[in-house]
Amino acid sequence: MTIENLSVNKSFGGWHKQYSHRSRVLNCDMRFAIYLPPQASNGEKVPVLYWLSGLTCSDENFMQKAGVQALAASLGIAIVAPDTSPRGDDVADDEAYDLGKGAGFYVNATQAPWNRHYHMYDYVVDELPKLVESMFPVSDKRSIAGHSMGGHGALVIALRNTGRYQSVSAFSPISNPINCPWGKKALTAYLGRDTATWSEYDASVLMRQASNFVPALVDQGEADNFLVEQLKPEMLQAAASVSGYPLVLNFREGYDHSYYFIASFIEDHLRFHADHLR
């Protein structure tokens, strides 16, 4: 597969690089970012943390705002941040911020017009890792994390693919999308009105049913404006209690939904993943 290098920046002895490539799964050109720690330049194949961003975001938000490169360099972990949806003039979109471009919700759409491009689940699980592992000095040791819509995506993907990931973490995830406005709107559009199909993309449902476990860490700000109506972490907590899932859920007093929150606790998450990636 041909990829185009868009930018290169040295950071803490490693390299932040941004690429564009043609996605067969999404039927459009896609962009992703990768941070390669200095160990990757010394002949080592390093493990990878995949980061999934939230609504309206792209590959750039986490890499520019989270302050993750110094610790990733110290721990010897590569970080890959895909975009949050298909892009392009012929890609279906919506006027609202919570559907269409920037709002792929990490599902495989089955409904027109979305099903022509919106297969972010397959892209994150299969196509992008194959590309990354074939083009860069990384191993097949993977963990996955994300924020908000991306936290939803990370949890769902890990819960449905327990053999592919060593660990999963999330900040402020949409924990029970089948029962919140963001989720109901997106899942209706992408999957149709048969709500039975929605459960495949609901972390609380999947965690309640789980018998194979991927260690999970979740942080939630108590001052998050979306906490009650959209995020519903209590549903995730209840699901873990039913199945005995190894979930660590931290409620953080005074913290909101922003990258100030993520930057405050990203070290905890990186060290959590490093422990499981070793």
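In what order do the nine strands of the open sheet follow one another, and is their pairing mixed? In this predicted model, the order is E1-E2-E3-E5-E4-E6-E7-E8-E9, and the pairing is indeed mixed. The edges of the sheet are formed by strand E1 (3–11) and strand E9 (247–252), each of which pairs on one side only. Between neighbouring strands the average turn is 20°, with direction ignored. As general background, strands of a sheet pair through backbone hydrogen bonds, either parallel or antiparallel, and both arrangements can be followed here by walking along the sheet.

The walk may begin with strand E2 (residues 14–23), which is joined to E3 by nine bridges, the two strands running antiparallel. Within this pair, Arg-22 has Asp-29 in E3 as its bridge partner. E2 and E3 together form a hairpin with four residues between them, and Asn-27, which sits in the turn, has a positive phi of about 60°. On its other pairing, E3 is joined to E5 by four bridges, and these two strands also run antiparallel, with Tyr-35 standing opposite Ile-79 in E5. Strand E3 (residues 28–36) is largely enclosed by the rest of the structure, because seven of its nine residues are buried.

At the E9 edge the picture is a parallel one: six bridges join strand E8 (residues 216–221) to E9, and the two strands run parallel. Here Gly-221 stands opposite Arg-252 in E9. Helix H8 lies across E8 and E9, running at about 150° to E9. Helix H9 (residues 259–277) lies across strand E4 (46–52), strand E6 (138–147), E7, E8 and E9, and runs at about 175° to E7.

H9 deserves a further look along its own length. At its start, a side-chain oxygen of Ser-258 reaches to within 3.2 Å of the backbone nitrogen of Tyr-260. Further along, H9 has a kink of about 50°, centred on Phe-265, and Phe-265 is itself among the buried residues of the helix, which also include Tyr-259, Phe-261, Ile-262, Ile-266, His-269 and Leu-270. The buried set continues with Phe-272, His-273, Ala-274 and Leu-277.

A bend is also found in helix H3, which turns by about 35° at Leu-128, with a proline, Pro-129, following within four residues. Both Leu-128 and Pro-129 are buried, and the other buried residues of H3 include Met-120, Tyr-121, Tyr-123, Val-124, Val-125 and Glu-127.

The loops hold several backbone features that can be read against a general expectation. Most residues other than glycine have a negative phi, and most peptide bonds are trans. Against that background, the peptide bond from Ala-112 to Pro-113 is cis, with omega near 0°, and Pro-113 lies in the loop between strand E5 (78–82) and helix H3 (120–135). Ser-172, although not a glycine, has a positive phi of about 50°; this residue lies in the loop between strand E7 (168–171) and helix H5 (181–191). Ser-172 counts as buried, because its relative accessibility is 0%. Lys-232 is likewise not a glycine and has a positive phi of about 55°, and it is found in the loop between helix H7 (227–231) and helix H8 (233–243). With a relative accessible area of 17%, Lys-232 is buried, since the cut-off lies at under 20%.

Why does the search of the whole structure find zero disulfides, as far as Cys-28 and Cys-57 are concerned? For Cys-28, the closest cysteine sulfur is that of Cys-57, and because the separation is 18 Å, it is too far for a bond. For Cys-57, the closest cysteine sulfur belongs to Cys-180, and at 17 Å this pair is too far apart as well. Both residues are withdrawn from the surface by the accessibility criterion: Cys-28 is buried with a relative accessible area of 1%, and Cys-57 counts as buried at 9% relative accessibility.

A last stop is Gly-43, which lies in the loop between E3 and E4 and counts as exposed at 73% relative accessibility. The C-alpha atoms of Gly-43 and Gln-230 are separated by 45 Å, the two residues being 187 residues apart along the chain.

Definitions and conventions
Residues numbered from 1 in each chain as written. Predicted model: local features only at pLDDT ≥ 70, side-chain atom pairs only at ≥ 80, totals over all residues. Heavy atoms only, no water. Buried < 20%, exposed > 50% of the residue type's maximum accessible area, 1.4 Å probe, protein only. Pairing = 2+ DSSP bridges. Axes fitted to C-alpha atoms, helices over the stretch in contact; angles between N-to-C directions. Contact = heavy atoms within 4.5 Å. Disulfide = S-S within 2.5 Å. Bend = angle between axes of the 7 residues up to and from the residue. Polar contact = N/O pair within 3.5 Å; in protein donor to acceptor, adjacent residues only side chain to side chain.
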